[in-house]
Amino acid sequence: MHFSIQNILFLLVALAGFGLFAWQARKIRANILVGRDRDMSGNVNERLYKTLLVAFGQQKMFKRLTPAFLHLIVYIGFIVINIEVIEILVDGLFGTHRFLQFLGPLYSALTGTNEVLGALVVLAVIAFWWRRNVNTIRRFTGPELRAWPKLDANVILYVEVVLMVALFTMNTADLKLHGDNLPGAFPISSLLTGLFPDSPAALHVLERVGWWAHIVGILLFLNYLPSSKHFHIIMAFPNVYFSRLVPQGKFSNVESITHEVKAMMDPSYEVPAPPVGPDGSALAPTPFGAKDVDDLAWTNLLNAYSCTECGRCTSVCPANLTGKLLSPRKIIMDTRDRMEEKYNSPLIFNPNLYGKEAKHDPQEQLDAENHTLLRGYVTPEELWACTTCNACVEACPVNINPLESIVEMRRFLVLEESAAPNSLNVMFSNIENNGAPWAFSPSDRFNWADDLYVADKATAPVA
């Protein structure tokens with residue numbers, strides 16, 4: 001073990017990389033917590049089981065075998081290859097070489113598996129790129145996937161290839177430099193040694209270039225994640241853990257309305273006193289439904305940061321399939337975009353402020369307040385196209401629930417703005433006046449049976 005300028009430089013690079021990611025993670029956590037409070041405690045065993053099955057086990061991915069198989073290769077490769085990152089971190093900090101070699105045969109199995117998985121990851125990424133850019137699968141198209149989302153998806157694929165190339169460059173140069181003295185097994189790199197020069201000095205440079213490119217690339221990729229759809233590789237696990245455990249068709253009730261209905265049905269029922277602030281003053285009433293992101297529950301905002309933009313939700317949406325404007329994927333992407341617009345502060349001006357504490361210049365703040373999620377991003381036409389069938393919820397591989405956000409925005413339109421479609425307004429009026437959705441008074445409700453009786457009597461055979 002020896003220390004050098006490289007170790008000091010690596011320490012600074014690692015601190016900068018992990019520190020910047022920690023800052024971004026705190027910012028995103030603050031953004032998520034601007035949402036309404038929702039108690040998700042309890043049911044730990046059931047939640048852990050669902051996380052193991054859906055997030056770790058990728059249960060929902062295997063409804064489509066081809067992308068599931070390709071994704072599984074990348075997923076396992078990501079987990080196993082990153083074990084080598086632990087070795088790189090130790091080598092970088094303490095000046096060791098192949099720190100995990102003390103594992104003996106296990107180390108050979110690990111490095112050999114890494115190499116095979118690295119090659120398979122490259123092949124899987126090429127297949128992903130072909131499916132996204134050449135094969136033109138319908139769910140990879142759509143107005144919400146133009147410009148940045150499309151570029152982002154391809155950037156991720158290119159970065160993964162670069163990381164694998166750096167890994168093979170490091171291993172191949174190291175193998176040719178040390179020969180049989182190098183611990184571990186390298187089935188892929190051994191096939192590439194003929195492409196590398198024989199000069200020890202050149203091999204040492206190539207090994208260092210591959211080593212630095214691999215670890216710096218991983219740190220850059222780590223800090224790119226929060227701005228990318230690929231953030232789901234981290235956020236999928238808490239999102240699945242905090243997903244709904246109630247039946248998918250069950251809608252939430254507005255607590256204040258529930259109290260009023262109970263009071264109407266039972267005059268002895270006492271409506272709870274409204275909540276008060278720390279100083280004893282009454283708090284502002286909570287609006288019905290959601291107009292902006294801070295009106296949604298924090299779990300809905302967690303959904304937005306967990307979206308993979310895979311389009312499985314939109315591809316099974318009956319409204320979208322029949323030409324309506326609704327795209328469940330767009331609803332989730334719009335929620336994330338609105339959060340970023342409203343609460344993210346520029347790094348260079350106020351790096352310690354985010355979430356509700358983020359400040360903008362007065363005009364920017366005014367524009368952000370007027371440009372809400374509802375109507376600013378999502379139109380009522382999109383919302384009313386939803387059939388509430390839960391197909392999108394069932395299809396999502398990370399248990400995102402677009403339907404909750406859709407229902408909350410529809411609830412705002414109805415209860416706060418009285419802006420329901422005319423067909424619904426007619427139904428509401430009938431329920432209010434007649435106690436049923438139909439335009440018949442309660443006294444006429446059984447007339448159909450009388451008519452049926454008369455018709456049956458008229459056609460009955462004479463004895």
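Q: Which helix gives the most residues to the largest nonpolar core?
A: That core has 50 residues, and Ile32, Leu301, Leu326, Ile331, Leu383 and Met409 touch the most other members. A nonpolar core here is a set of buried Ala, Val, Leu, Ile, Met, Phe, Trp, Tyr and Cys residues joined through side-chain atoms within 4.5 Å, with buried meaning under 20% relative accessible area, exposed over 50% and partly exposed in between (1.4 Å probe, protein chains only). Mind that this is a predicted model, where local features need pLDDT of at least 70, side-chain atom pairs count only at pLDDT 80 or more, and totals for chains, interfaces and linings use all residues. With six residues, the top contributor is helix H17, residues 402-415 (helices are DSSP runs of H or I, at least four residues, numbered from the N terminus).

Q: Is threonine 308 buried or exposed?
A: Numbering runs from 1 along each chain as its sequence is written, and side-chain values use heavy atoms, leaving out hydrogens and water. Threonine 308 sits in the loop between helix H9 (298-306) and helix H10 (312-315). Leaving aside neighbours within four places in sequence, threonine 308 is in contact (heavy atoms within 4.5 Å) with Lys229, His232 and Val398. Its relative accessibility is 10%, so threonine 308 counts as buried.

Q: How far is arginine 132 from the ring centre of phenylalanine 140?
A: A charge sits over a ring if NZ of Lys or CZ of Arg is within 6 Å of the ring centre and within 35 degrees of the ring normal. Arginine 132 lies over the face of phenylalanine 140, and the distance to the ring centre is 4.2 Å.

Note on methods:
Helices (H or I, at least four residues) and strands (E, at least two) are DSSP runs, numbered from the N terminus.
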